[in-house]
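Work through the exercises below with the sequence and the 3D structure at hand. Try each task before reading its solution.

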Amino acid sequence: MPGREGAATPPSIDNPVGATIGVVAESLPAESRVAATPTTVPHLIGLGYRVHVESDAGIKAGFADDAYAAAGAIVVSTSEAWASEIVLKVDAPTDDEIDRLRPGAVLVGLLGPAHDAHLVDKLADSRITALAIDATPHISPAPSKNALSPVADLTGYRAVIEAAREFGRFFTGQLTAAATASPVKVLVAGSGTAGLAAIGAASSLGAIVRATDPRPETADQVRSLGGQYLPVVADEDPMHCTDGSAGDTSDAHNRRAAEIYSQQAREVDLIITTALVPGRLAPRLITAADVASMKSGSIIVDMATAHGGNVEGSVADQVVRTANGVTILGYTDLAGRSPAQASQLYATNLVRLAELVTPNKDGQWTLDLDDIVQRGITIARDGERLWPAPPAQAGTDPPPEPTAPAPAEKPWSAGAARRLVAAGIAVLFLVASPAPDPIAQHFIVLVLATVTISHVIGRMHHRKRAPGSR
């Protein structure tokens, strides 16, 4: 059990405390992440679990079997890992992998229930308890369990790295004896977590960064990272969303946004698109005509190709080169291109979830569907389909207890104020009169200055600074 906060002492492997957690290898060829690392294994063991890791499960992320064994895990075969009571993985399982699970097993992963109804039905029919860590609700108690935010942050950063590698030029302006190079101009479509990460990365490399988003409140975040926010001014309310994320946009907003994208496509050197709408295909932002208007050598990174793509002509997991010399990167494995870092971030989210469902640190996975976070990510249980969850309302903290109003202060009357001033003058005269002239004069000046400054400050009113002012 933990000897101190954050430090876990593994229990004896020969005498397991509770259930077995199995960490399985990913079957998708492009997936290099793993659901637990040698750093997170001791924390799972410290919660009372026995940890089984499939042999070579972490090899693509740079974690050897010996490292897991040294951390307290047991390295097992594929069938043994899948036979565990709780199975942790990254990507959604295939039908064959679901059939490997024991009856009543718990499966945790990035299951994408909003995009795969067949998977939800298959898991329910198999009587599997399935937790989709990517379905964590957008509410205040949930951020530490939300696996999408750190992944999106990493993918946004990685999108800029991949674009820079393909672009092959300095991002920042360069002045040399031979020639002068202007800074690269970058457009980031969408200022969510991934978009903000891309803005920060491109700006730090010296690029001129412009960004769009249907939520005007993201403007300050864009500017704080060194970007220029491009507002989409339409006659109608641009947004129709209630969950804190970018939702549907009005037709007027879409028409105006399309005009901005067309204009920017002719000006910028790089475009990075990040727009997704939960449960639907990604919105089309950049048309074929926009791509055709870009300069030769320009780069587009479409981060939404796994869900249909934001760019006309982009292809998932492929590099497309157009007739006018534009390169479109459709990578869906941007996070996996930094496998060790991505695995550590994701595995830490799973530790936080394990802590939530194991409050007694006894190795017993205890799911509480009255908890808004646990209910939000549970998509199937005991043969019942539980997706979608009831809408989670932001701001679920209980309202503060009402308190009695403080008694109102009685204002000073004019007579009382005059009497106070007269008393102050009398005290000043008594103190200053017996003192030598220089001391008396300095004392009087000090008192009068204090009174004057207090009077001036007391009459000042707080004025809010206008947004964007310096």
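A polar contact is a pair of N or O atoms within 3.5 Å. The model used here is predicted.

**Exercise 1.** Find what a side-chain oxygen of Asp116 reaches at the start of α5.

Solution. Step 1: go to the start of α5 and locate the side chain of Asp116. Step 2: one of its oxygens comes to within 3.4 Å of the backbone nitrogen of His118. Step 3: at the other end, just after α5, Arg127 has a positive phi of about 55°.

**Exercise 2.** State which residues of helix α5 are buried, and why they lie on the same side of α5.

Solution. Step 1: buried means under 20% relative accessible area. Step 2: in α5, residues 117–125, the buried ones are Leu119, Val120, Leu123 and Ala124. Step 3: these residues span an arc of only 130° around the axis, so they are on the same side of α5. Step 4: an α-helix has 3.6 residues a turn, so residues three or four places apart point the same way. Step 5: the cover over the buried residues of α5 includes α4 (95–100), β5 (106–110) and β6 (129–132), and also β18 (378–381) and β19 (384–385).

**Exercise 3.** Give the strand order of the open sheet with eight strands, and name its edge strands.

Solution. Step 1: the order is β3-β2-β1-β4-β5-β6-β18-β19, with mixed pairing. Step 2: β3 (74–76) and β19 are the edge strands, each pairing on one side only. Step 3: within this order, β6 and β18 are antiparallel and share two bridges. Step 4: Leu131 has Thr378 in β18 as its bridge partner.

Terms used. Residues are numbered from 1 along each chain as its sequence is written. This is a predicted model: local features need pLDDT of at least 70, side-chain atom pairs count only at pLDDT 80 or more; totals for chains, interfaces and linings use all residues. Side-chain values use heavy atoms; hydrogens and water are left out. Buried means under 20% relative accessible area, exposed over 50%, partly exposed in between (1.4 Å probe, protein chains only). Helices (H or I, at least four residues) and strands (E, at least two) are DSSP runs, numbered from the N terminus. The arc is that of the directions from the helix axis to the C-beta atoms. Contact means heavy atoms within 4.5 Å. A polar contact is a pair of N or O atoms within 3.5 Å; within protein, one must be able to donate a hydrogen and the other to accept it, and residues adjacent in sequence count only if both atoms are side-chain atoms. Two strands pair if DSSP finds at least two bridges between them.
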